[in-house]
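Trainee: I'd like to learn how to read a protein model without getting lost. Could you walk me through a few features, one at a time?

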Amino acid sequence: MRDRRAHPFPQRMRFHGLSDLPYQTGTSPSEGGFAYKADNEWEYIAAHEFASGVTAVAQGLIATGIVPGNRVVLACGTRYEWALIAFAVWAVRGVLVPVHPACSPARLQFILRDTSPSAVIVETRRHLRAVADIHGDLNTLTRVWRVDGPQPDGSEPTRGSGLRAIVAAGAHMDPSVVLFRRQDTVREDFAAILHPPTTARASHGVVFTHGNLLAAAGGLVDRLYPLLHQAPEAPPATLLHLPLTGLFGQTVLIACLMARVRVGFPTTRSLLLREVSEFRPAFLFTRQRLLDHVYGLERAVEVEKSKNPGWDNLRAFEDAVDHAVEYGRAGRKGLARRVSHAMHEWLYTRIRSRLGGRLRFIVGIEPLPERLTHFYTGAGMPVVHGFGTLETCGPLTLDIGGRNGPESVGLPLPDVQVRPALDGGIEVRGPQVFREYWNAPERTRDAFHDGWLRLDTDGALFLPPSPPEGRGRIR
C-alpha cells in the first residue's frame, strides 16, 4: 500500500488564480484527470490532456476577442466539457456566468441583459433560441456557441463537437498568449457571477473572485484531505453529479483539482449504484436514497438466509448494524468495543464492497438521519455534512462522522470566523466570503456590518456563547 502521507497537502501551494490548477505538476502521471461514460465505457482524460484542452479552448477565446473582465455565459449541465470551458475562461481572465440547463428562457434572457456577456455557450436548443431572440439587444455579445454543435456535413451533433469551432479559431496562435494572460491573474480578479436559482427575474447576481473560490476549495481540502491518507494504492477519485452551476459543485471541482483527485461524471444526475461500484471512488457525494438502497440490499440478503433453519442471520445483521451505529457515535474508545467491531467486519466489508471497496468517506448533500450517519461512519466510511450559503462560496462549516454532536453542522473551516449577531442569526467573515452583488452596491453595503457578513439562519443554527477565536461549534 502506498503511503500518501509522504505528500504535502496540495492546498498549501500558493495559486495566483484558478487557471493555475490545471497546470500544476503532479507527483504521479496517473493522479488527477477526468473520466466520463461514453458508449457504456469509461473514457479517461489524463491531467496533462485536460491542461492541453484548456489551453486550446483558451486560445480560441482570445482569438475571438475575449479580453480580461469580459463575461462568458455558460448554460450547461454537469459534464467534462463544463470543466474544460470554465478553466479556459479563467485562463484568459474572463468572468464565468454559469446557468443551469433547466433555466427558463426568460430567466436566461434576464441574466444575459444583467451581465452583458461577450460570449455565450449553451447546451440545449431551447437556450440557443432564447439567446437568438434577444441577440440584437445585446451590444456586447459577439459569439454564440453550442457545446454539442452541428457537424460540417449536417449530421447529428456529437459530444463536445461544438468546441471545435472555438479551438479552430485559435489554432494559429502560440500557446504563450494563454500563459501571459494566466501570469497577469491576481486573486482579486472577478472569477464568477452566480445568480441564485429562483423564479424572480430581478434577483441580483453574486460576484466571486479567484481568491474566494480558491479559499473555499482550500478549506475543504485542508479538512478532508487527511481522510484520504489511508486510501488504497490507486490514486483517489470521486464521482461528481452536483450541479456545477452552483457554488458547492464548483468548489468541489476546484478542490479536486487542488488535491489531484480524478473526477468522474456519471451518466445521470442521480448516482447509480452500478456506476459507483465500477468507478470505485475514494469519496462520494450522495443523497439518502443511495445509502438506504445499499443498506436495504444487504438486509434483504440476510432476510432470505433467515428463511433457512440454523443460524439467525437477520439477528446477526441487526446486531452488526446496532454496533456500527454505537461505534460511529462513540468512536474507537475501549478495547472491548474494538474487538466487537472486528467480529462484525463481515457486514462492513460487504457494505464497502457494494460502494466500490475504496470509499474513505461520504459527503451528504442533504440532511441525513443521525442513525444512518453513525451506521456508515461505524462501517468505516465517515459521513461528512456541513452548512453554507451562496454568499459564503459553499460550505462554511463541516462535521465529520457526527463527532460534533446531534444536529451539529460542525466547526468552521480554516480561516473562517463565526460569531452570533446582536439581532439574531450569525455573522461570518473570511477569505471565501463573496465580493459583492452584481450591479447592486446598496445591497452589498447592507449585507455587511464592520466587515462581517450577516446570515439569517431562522433559528436553524445555534452558536454556543463565547466561542474561542471565532471557531465555536455551530448546532
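Mentor: Sure, and let's start with some vocabulary: Ala, Val, Leu, Ile, Met, Phe, Trp, Tyr, Cys and Pro count as nonpolar, Asp, Glu, Lys and Arg as charged, and the others, Gly among them, as polar. Keep in mind that this is a predicted model.

Trainee: Okay, let's use those classes. How many nonpolar, polar and charged residues are in the lining of the largest cavity?

Mentor: The lining has 13 nonpolar residues, no polar ones and no charged ones. The search of the whole structure turned up 2 cavities of 30 Å³ or more, and the largest holds about 150 Å³ of space.

Trainee: Which lining residues are the closest to the centre of that largest cavity?

Mentor: Look for Leu 220, Val 221, Leu 224, Ala 255 and Phe 283. Then zoom out to the elements: helix H7 (210-224), helix H8 (247-258) and strand S11 (283-286) each give two or more residues to the lining.

Trainee: Got it. Now, how should I read salt bridges?

Mentor: The general idea is that side chains of opposite charge can pair when their charged atoms come close. In this model there are 22 salt bridges. Try Arg 350 and Glu 302, whose closest N and O atoms are 2.7 Å apart.

Trainee: Which parts does the pair of Arg 350 and Glu 302 tie together?

Mentor: Arg 350 sits in helix H13 (residues 345-354) and Glu 302 in helix H10 (residues 288-305), so their pairing links parts that are 48 residues apart in sequence.

Trainee: And is Glu 302 buried or exposed?

Mentor: Glu 302 is buried, because its relative accessible area is 2%, and buried means under 20%. Its partner Arg 350 has 23%, so Arg 350 is partly exposed.

Trainee: Is there another pair I can practise on?

Mentor: Yes, take Asp 322 and Arg 371, whose side chains meet in a salt bridge at 2.8 Å, N to O. Asp 322 belongs to helix H11 (residues 313-330) and Arg 371 to helix H14 (residues 370-378), so this pair ties together parts 49 residues apart in sequence. For accessibility, Asp 322 is partly exposed at 40%, and Arg 371 is partly exposed at 43%.

Trainee: What about Glu 427 and Arg 419, where do their side chains meet?

Mentor: They meet in a salt bridge, with 2.8 Å from N to O. Glu 427 counts as buried at 7% relative accessibility, while Arg 419 is partly exposed at 29%. Salt bridges can also share partners here: Arg 79, Glu 81, Glu 123, Asp 148 and Arg 159 are joined into one network that way.

Trainee: Last topic: backbone angles. Which residue has a positive phi of about 65° although it is not a glycine?

Mentor: That's Arg 93. You'll find Arg 93 in the loop between helix H2 (80-91) and strand S4 (95-99), and it is partly exposed, with a relative accessible area of 22%.

Trainee: And where is Asn 439 found?

Mentor: Asn 439 is in the loop between strand S18 (436-437) and helix H15 (441-447). Asn 439 has a positive phi too, of about 60°, although it is not a glycine. At 52% relative accessibility, Asn 439 counts as exposed, because the cut-off for exposed is over 50%.

Definitions and conventions: Residues numbered from 1 in each chain as written. Predicted model: local features only at pLDDT ≥ 70, side-chain atom pairs only at ≥ 80, totals over all residues. Heavy atoms only, no water. 1 Å grid on protein atoms, 1.4 Å probe; cavity = no way out; pocket = protein on both sides within 12 Å on 5 of 7 lines; lining within 4 Å. Points joined across faces, edges and corners; volume = space filled by probe spheres on them. Helix = DSSP H or I, 4+ residues; strand = E, 2+ residues; numbered from the N terminus. Salt bridge = Lys/Arg side-chain N within 4 Å of Asp/Glu carboxyl O. Buried < 20%, exposed > 50% of the residue type's maximum accessible area, 1.4 Å probe, protein only.
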